[in-house]
2 protein chains.
Amino acid sequence: MTKDKHLDKAIPKGCPLDRVFRLLSGEWTTHILWVLSQNGPTRHGELRRLVEGISSKVLTDRLRMLEANDVVFRDYEPTVPPKVTYGLTAVGKELDQALRAMQAIAEHWT
Amino acid sequence: MTKDKHLDKAIPKGCPLDRVFRLLSGEWTTHILWVLSQNGPTRHGELRRLVEGISSKVLTDRLRMLEANDVVFRDYEPTVPPKVTYGLTAVGKELDQALRAMQAIAEHWT
DNA sequence: TAAAGTAGGTACCAACCGGTAACCAGGAAA
DNA sequence: TTTCCTGGTTACCGGTTGGTACCTACTTTA
């Protein structure tokens with residue numbers, strides 16, 4: 001039963017990995033990050049076009065969540081019409097790297 | 001619009017990363033993998049005890065999914081009562097490594 | 001004899017989640 | 001004048017998801 005001690009330390013209630021996973025695991029989320037990393041800072045409308053099939057509502061939800069967790073930044077210019085640009089933060093780029101590693105595994109998998 | 005060409009190649013409809021994420025993103029899934037990697041091959045009953053709070057039904061669902069995708073193996077011994085042991089496959093261990101990398105990022109995050 | 005442990009299966013139910021459609025402001029174009 | 005564009009918000013609706021409870025069939029333990 002020494003194992004349990006390890007586990008107690010290793011998986012506290014609010015496991016950080018769990019946080020990240022809950023953040024990323026909503027539909028479209030990784031797709032959005034991918035596009036942002038390929039495309040650089042992108043406006044809402046262009047994102048909606050690049051992430052084919054996503055609805056405005058869900059796109060906004062995802063971006064808000066990612067922004068709240070410091071994965072993307074949001075740049076709002078109060079022009080008319082307003083211009084809002086989203087891009088990866090430093091953390092976002094780190095995460096993107098980790099996701100690419102996972103994708104590499106996924107690809108040589110079958 | 002040269003960007004779109006890149007994206008077309010980079011994100012095919014069935015993006016492998018998406019597959020992995022849908023597989024892992026159910027509740028409890030990463031927790032199960034974590035316990036399996038800490039504990040080595042483990043029986044159903046012990047898993048249910050180690051993954052505190054999970055129901056038998058969900059545990060079985062997750063293990064079936066992970067088995068179907070070659071992330072865990074299932075060893076069934078038709079004794080009475082039967083003895084069923086689950087453990088990480090080679091792919092499962094690779095995935096576990098990738099998850100640890102993500103956790104490292106999550107930890108120094110804030 | 002009754003309870004508990006083995007590894008699940010099944011039915012039901014509430015909560016959540018994503019999609020659709022309508023709507024907002026203000027300005028530009030037809 | 002009506003439509004479209006910007007970047008959203010809101011109400012509603014249906015499918016999926018996870019949780020609870022109860023069942024199997026056999027053995028061991030109290």
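Start by selecting DNA strand D: 21 residues surround this strand, and A:Arg74, A:Tyr86, B:Lys57, B:Arg62 and B:Val80 come nearest. A residue counts as near a strand if one of its heavy atoms lies within 4 Å of it. Sugar and phosphate account for 74% of the atoms of DNA strand D that come within 4 Å of the protein.

Before going on, note that this is a predicted model, where local features need pLDDT of at least 70, side-chain atom pairs count only at pLDDT 80 or more, and totals for chains, interfaces and linings use all residues. Residues are numbered from 1 along each chain as its sequence is written, chains are lettered from A and ligands numbered from 1 in the order in which they are written, and side-chain values use heavy atoms, with hydrogens and water left out.

**Still at strand D**

Show the side chains of A:Arg43, A:Ser56 and B:Arg62 for some polar contacts (pairs of N or O atoms within 3.5 Å; within protein, one must be able to donate a hydrogen and the other to accept it, and residues adjacent in sequence count only if both atoms are side-chain atoms). A polar side-chain atom of A:Ser56 sits 3.1 Å from a base nitrogen of DNA strand D, while one of A:Arg43 is 3.1 Å from a sugar or linking oxygen. From chain B, an N or O atom in the side chain of B:Arg62 lies 2.7 Å from a phosphate oxygen of the strand.

Now colour by element: α5(A) gives the largest share of the surface near DNA strand D, four residues. Helices (H or I, at least four residues) and strands (E, at least two) are DSSP runs, numbered from the N terminus.

**Over to strand C**

Select DNA strand C next. Of the 21 residues around this strand, A:Lys57, A:Arg62, B:Arg43, B:Arg74 and B:Tyr86 come nearest. Here α5(B) provides the largest share of the nearby surface, four residues.

Zoom in on B:Ser56, where a polar side-chain atom is 3.3 Å from a base nitrogen of DNA strand C. Then move to B:Arg74, with a polar side-chain atom 2.4 Å from a phosphate oxygen, and to B:Tyr86, whose side chain has an N or O atom 2.4 Å from a phosphate oxygen.

**Last stop: A:Thr89**

Finish in the loop between β3 (83-88) and α6 (90-107) of chain A, the place of A:Thr89. Is A:Thr89 buried or exposed? A:Thr89 counts as buried because its relative accessibility is 14%, and buried means under 20% relative accessible area, exposed over 50%, partly exposed in between (1.4 Å probe, protein chains only).
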